[in-house]
Structures are given as structure tokens and as C-alpha cells.
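Subject: Structure handover

Hello,

Here is the structure we discussed, with the sequence alongside. My notes follow below it.

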Amino acid sequence: MFKINIFLKRLKLTRWLPLVSIFLSFNICAQKIVKVGMAQIFCLDSDKSGNLRRIENAVLESKEQGAEIVVFPEMALVGWVNPDAHHLSKPIPGEDSDFLAQLAKKYSVYICIGLGEKEGDKLYDSALLISDEGNILLKHRKNNILTELMEPSYSKGNGVQVVQTKFGKIGVMICADTFKEDLIQQMSELKPDLMLIPYGWAAKVDEWPEHGKELHGVVKNISERIKCPAIGVDLVGQISKGPWKGLTYGGQSVAYSKSAELVHISKDRDKDIVVLEIEL
């Protein structure tokens, strides 16, 4: 900008400086792009060490494609509605979040990921946003916890939040939170520039790939209602315990633009690591 000012002065066109400044500022804002990695990974219930290995491999693969933010599914460390999470999960901050923070710092990327969180005898279905310096910027606890699917059930979170980052304001919700009108309205009032949503979207095997359309509709609704890009990342795998034992996570992670236009749908029932340029 400074060099442009000097150039215009030399041409004795300084009267155009205010207009040029406004134009350039508008143009820069209008073209703000962030590269978001959608890490649709396979998750094996209770295989924490294996899942952590798959998570690191996905971070590396995303980074190699230029990702600045990498988004993972819900309960990606031990599996969703898996009662083993009561003894496998750790407090936050703690062993699990420290490992993820080290990954974010090692590969210089933001990480958004769903994981279990222990607080005393309570288990929360939580999601973190971690900076590229390894700092936890935001922790969201799932509100809509579907208590009938696991015994003992997850404990309930409270409300939604956003955090200011170098990319703008980022909001995080988890899967069934996006069904709740009050939570959507709360998030809309916070005016995030980008929504990141870990999912555990499951159905009977014979309901895929058709069931993916429901996921796409839910994420599109978030984009429309909150008026920002929305990235929903699903698991690949299968629920191994409880009332929904045998239901399959079908992938088909999805991204919508700030104008609620479809940007990308990931593979059906298969690992898929893709990096998208998202305009904020």
C-alpha cells in the first residue's frame, strides 16, 4: 500500500489516494481465504493409540496440501457413544489435549477435533479448537447429548461460543447441537465468520449413501442461518456398543460457502483427506 501511495504521488494523482485505499481494503477483505482440511478418518472404538496415529497422519497429509485449519469428527479418539470413554478419556487440559496441542504446534496448523473429556465422575462429549502455537482457544461441550444411547450418559454442556482468531471469529458446535433451534439462534447472534462442526453421523448400512443427504441438509441450514461457511466432518467406522450397535458412520463430510452453496462432499464410507479454499 505504501509503494502505491508513492507511485500515485509521483504521477500527481494524490487526490485518488482515499478511493484507492478504500478499494484495496475492500478487495482484501472480500478475498480473505482460509485453507481448511476436512479430515474424514476411520475411527475404531476404544483403539485410542491407533486413532491418535490416524489423527497425526491426517494432520500431516492435510499440511502437505497446504491446510491452515484441520477439522476432525466427533469423539475421534475413542468413538462416539462408547461407554469405554468413561475410563479412556482424560481431563482438559490433560494427556489427550496435550498430545493434540503438540501436533498443532509441530505441524503449524489449527486443529478442531471432538474428544471425550473427564471432569471428576462426569464425561463430556467435547470439541477443541487449538491454535498453530499449541494453545487451546475454545472448548465446546455438546448440549444435545442423546442420553438414551449410552449408560452412563454424557453430561450436558451449556450454550455455544466463538473465539477471535487470525482468520476471524470461529464458532464450534457438535453434531446433534445443530438440530437445536435455540443453539442455532445463539450462535447466529455471535456472528462467527466460520463454523466448524465435528459429526458422528450414523445409520444402518442399507441406509447409506442416501442418509448422507440428511447430513448435507443440516450443515447447509447452519450456513444459511448463521450466514457463514460451515464445515461438517463425519467419522468412518461403526458403533460397537449400546442401542445403536452396528450402525455405520458413512463419511460424506460436507462444506458449504458463506452463501450456503455446496463446496464439497467427501467420499461415502471411506477415509478422505481434502483441503478446501474457503472464502470468509
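In this predicted model, Ile170 stands opposite Leu194 of strand β9. Ile170 belongs to strand β8, residues 168-172, which is joined to β9 by three bridges, the two strands running parallel. Between them the chain passes through helix α6, residues 181-190, and the resulting β-α-β crossover is right-handed.

β9 also pairs with strand β11, residues 230-233, again in the parallel sense and over four bridges. There, Leu196 has Ile231 of β11 as its bridge partner.

Is β9 buried or exposed? Five of its five residues, 194-198, are buried, so the strand is largely enclosed by the rest of the structure. Leu194, Leu196 and Pro198 point one way from β9, while Met195 and Ile197 point the other way, and all are buried.

Next, the charged pairs. The count of salt bridges comes to 15. Three of them, with their closest N to O distances, are these:

- Glu56 with Lys106, at 3.1 Å. Glu56 is in helix α3 (residues 48-64) and Lys106 in helix α5 (residues 95-107), so this contact ties together parts that are 50 residues apart in sequence. Lys106 is exposed, its relative accessible area being 56%.

- Lys166 with Asp132, at 2.6 Å. This pair links distant parts of the chain, 34 residues apart: Lys166 sits in the loop between β7 (162-165) and β8, and Asp132 in the loop between β5 (122-130) and β6 (136-141). Lys166 is exposed as well, with a relative accessible area of 54%.

- Arg225 with Glu181, at 2.8 Å. Arg225 lies in helix α7 (residues 212-226) and Glu181 in helix α6, so the pair ties together parts 44 residues apart in sequence. Both side chains belong to partly exposed residues: Arg225 has a relative accessibility of 24%, and Glu181 has a relative accessible area of 47%.

Helix α6 therefore appears twice in these notes, as the helix of the crossover from β8 to β9 and as the location of Glu181 in the salt bridge to Arg225.

Which residues are linked in a network of salt bridges? Glu117, Glu119, Lys139 and Arg141 are.

Regards

How values were computed. Residues are numbered from 1 along each chain as its sequence is written. This is a predicted model: local features need pLDDT of at least 70, side-chain atom pairs count only at pLDDT 80 or more; totals for chains, interfaces and linings use all residues. Side-chain values use heavy atoms; hydrogens and water are left out. Buried means under 20% relative accessible area, exposed over 50%, partly exposed in between (1.4 Å probe, protein chains only). Two strands pair if DSSP finds at least two bridges between them. A crossover is right-handed if, with the strands pointing away from the viewer, the path from the first strand over the helix to the second runs clockwise. A salt bridge is a side-chain nitrogen of Lys or Arg within 4 Å of a carboxyl oxygen of Asp or Glu.
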